[in-house]
Amino acid sequence: MSYPGYPPSGGYPAFPGYPPTGQESVYPPAGQYSYPTVPGGYPPAGGGTYSAAPPSAGYPGAAGYPAPGGYPAPGSYPGAPQAGGMPPYPGAPAGPGFGVPPAGPGFGGYPQPPAQSYAGGGPAQIPVGYPSGQAPSPMPGPAAAMAQCTQGTIQAAPNFDAGRDAEVLRKAMKGFGTDEQAIINVVANRSNDQRQKIKAAFKTMYGKDLIKDLKSELSGNVEELILALFMPRTYYDAWSLRHAMKGAGTQERVLIEILCTRTNQEIREIVNCYKSEFGRDIEQDIRADTSGHFERLLVSMCQGNRDENQTVDYQKAQEDAQRLYQAGEGRLGTDESCFNMVLASRSFPQLKATVEAYSRIANRDLLSSIDREFSGNVERGLKTILQCALNRPAFFAERLYYSMKGAGTDDSTLIRIIVTRSEIDLVQIKQMFTQMYQKTLATMIASDTSGDYRRLLLAIVGQ
C-alpha cells in the first residue's frame with residue numbers, strides 16, 4: 001500500500017544533500033583513533049551492565065595512517081583491552097587519560113562518564129501512521145522483557161495533545177511564508193510515537209496529508225531532517241537500506257551502520273517492513289548488490305538471530321579467542337568463515353570477553369588483527385560489530401565526527417544518526433564525542449551547518 005509522501009517502490013525522491021554513490025563520508029578504520037572507554041564498555045542491549053573495563057592500550061595502526069599532527073596517535077578503541085598480558089576481566093581498573101600521549105601501558109587522566117544502562121532492544125513503538133497502515137508484529141526476545149532506561153535527548157512530551165500540535169503545524173504552513181520555528185518547536189520536542197499521532201490527527205482534522213504539506217513548504221537539508229523525524233523508526237531504517245541499494249552503486253557504509261548495530265528485535269522488524277513497504281526481500285537485494293565475505297556477513301546480520309543471553313561464558317570466550325587466532329594470525333591465510341561465525345552469532349557481552357581473551361593469546365588486540373587479515377567492506381563490518389560490543393556510543397560518535405570533518409558535510413549520515421539515536425543513546429554519544437574530540441557535538445554542528453537546519457539539529461541534540 002502506497003503511503004502519501006513516501007512512495008515505497010517507485011523510488012523515493014533523492015533528498016537534497018544526500019551524497020552521490022561512492023562519496024559517502026569516509027572515516028578511518030575505528031581503532032586507529034585514540035579515545036577513552038565507557039566504564040565497562042557498552043552494557044548489553046536492554047539495560048544490563050558490565051563490570052569495569054580493563055585498561056586501554058595502543059596497538060599498531062594501519063600502514064600509512066596519518067601520524068600525530070593529523071590525528072592523535074593510534075591507541076585502542078574504547079573498551080578494547082591492553083594487548084599482551086592484560087589483567088583478568090572482572091574488576092580491572094580503568095585507564096587514566098585522554099589527550100595525553102601513551103606513557104607505559106595506558107592513557108592517564110580523562111574524565112569518565114557515569115556508568116549507565118542503555119535503552120534498546122525493545123519493540124519499536126509505531127502504533128499510528130506506519131506507511132502501510134500496520135505496525136510490525138511484536139517479536140519476543142530477551143531484551144524486550146528487560147527494564148529499559150531511556151538515554152535519548154528526546155523524551156515523550158508531557159500533557160501531549162496531538163490535535164493541538166496539528167493545529168500549530170497547520171497555522172505555521174498556512175498563508176504566505178512558513179513559520180519554520182513553530183515547526184521546529186513541535187517536532188524537536190515530541191517522541192516518534194507522538195509524531196505519528198500528530199500525523200494522524202492532521203489528516204483527520206484537515207483532510208490533508210501532513211507529509212505532503214511539509215514537503216511543499218520546506219526544502220534542502222531541513223526538509224530531509226523533518227521528513228526523517230516523521231518516519232516511523234523501523235520504516236526509516238528500512239527506507240535507508242533500500243535507498244542505499246537502489247540504482248547504480250551501493251552505499252555499503254549505510255548497510256554496515258544499520259545491520260551491524262541493531263538488536264535482533266530491530267533487525268527482524270526492519271526485514272518485515274522492507275518486505276511489506278517495498279515488496280522486496282532484503283536478503284535477495286543484499287546478495288544482488290554485494291559479494292564475497294561481505295555479502296555473507298550482511299546476510300548473517302539480517303537474520304536477526306544473534307545470541308542475546310547476557311551471561312558471559314568465559315570458557316567459551318577463551319575457546320573462541322583461540323579459534324580466531326588459529327583462523328587468522330596463527331596460520332598462513334585467513335579462515336574468513338570462522339570470523340563470520342563468531343562475530344555474527346555471539347552476544348555483545350560475550351564478544352567483549354572474547355576480545356579480552358584474544359589479547360592474552362595473541363599479544364595483539366582483535367581489532368588490530370582484523371585490520372591485518374581483512375580489507376574493504378568486510379573489514380569495516382567486522383570492526384563495527386566489535387566496536388558495538390566494546391563501546392557502541394563511541395562508534396556513532398566517530399561516525400558523526402567524520403560526517404562533518406573536512407570540506408563539506410555528509411548531511412545524510414549526520415541526519416540519520418541524530419534521528420535514529422535521539423531516543424536511544426544520544427546522551428552517551430554526546431559524552432563520548434566530547435571525550436574523543438575535546439569539543440562538544442553541538443559546537444561542531446553549529447560550525448558546520450546553518451539556518452533552520454542548524455536550529456533543528458541543535459534542538460534535538462541539546463547543548
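**Notebook: charged and aromatic side chains**

I began with Glu-329, which I found in the loop that runs between helix H12 (314-327) and helix H13 (336-345). I note at the outset that this is a predicted model. For Glu-329 I then looked up the side-chain partners, and the side chain of Arg-364 makes a polar contact with that of Glu-329 at 3.2 Å. Leaving aside residues up to four places away in sequence, I listed Tyr-358, Arg-364, Ser-369, Arg-372 and Glu-373 as the residues that Glu-329 touches.

Next I turned to the salt bridges, of which the structure holds 21. One of them pairs Arg-242 with Asp-285, with 3.8 Å between the closest N and O atoms. Since Arg-242 belongs to helix H7 (residues 233-245) and Asp-285 to helix H10 (residues 282-289), this pair ties together parts that are 43 residues apart in sequence. I checked the accessibility of the two partners and found Arg-242 and Asp-285 buried.

I then looked at a pair within one helix, where Glu-379 and Lys-383 form a salt bridge with an N to O distance of 3.1 Å. These two residues are separated by about one helical turn, because they stand four residues apart in helix H16 (residues 376-404). Both Glu-379 and Lys-383 came out as buried.

A further salt bridge joins Arg-421 and Asp-425, and here I noted 2.9 Å between the closest N and O atoms. Which side of the burial cut-off do these two fall on? Buried means under 20% relative accessible area, so Asp-425, at 0% relative accessibility, counts as buried, and Arg-421, at 4%, also counts as buried. I also recorded a network in which salt bridges with shared partners join Arg-242, Arg-280 and Asp-285.

For the aromatic rings, my count came to 11 pairs. In one of them, Tyr-274 and Phe-278, the ring centres lie 5.6 Å apart and the planes stand at 70°, so I entered the pair as edge-to-face. Tyr-274 and Phe-278 are four residues apart in helix H9 (residues 264-278), and therefore about one helical turn separates them. Both of these residues are buried. Elsewhere I noted one aromatic cluster formed by Tyr-401, Tyr-402, Phe-433 and Tyr-437.

Last, I looked up arginines placed over rings. The charged end of Arg-170 sits over the ring of Tyr-206, at 5.5 Å from the ring centre, and the charged end of Arg-306 sits over the ring of Phe-348, at 4.6 Å from the ring centre.

Terms used: Residues are numbered from 1 along each chain as its sequence is written. This is a predicted model: local features need pLDDT of at least 70, side-chain atom pairs count only at pLDDT 80 or more; totals for chains, interfaces and linings use all residues. Side-chain values use heavy atoms; hydrogens and water are left out. A polar contact is a pair of N or O atoms within 3.5 Å; within protein, one must be able to donate a hydrogen and the other to accept it, and residues adjacent in sequence count only if both atoms are side-chain atoms. Contact means heavy atoms within 4.5 Å. A salt bridge is a side-chain nitrogen of Lys or Arg within 4 Å of a carboxyl oxygen of Asp or Glu. Buried means under 20% relative accessible area, exposed over 50%, partly exposed in between (1.4 Å probe, protein chains only). Rings of Phe, Tyr and Trp (its six-membered ring) pair if their centres lie within 6.5 Å; planes under 30 degrees apart count as stacked, over 60 as edge-to-face and the rest as tilted. A charge sits over a ring if NZ of Lys or CZ of Arg is within 6 Å of the ring centre and within 35 degrees of the ring normal.
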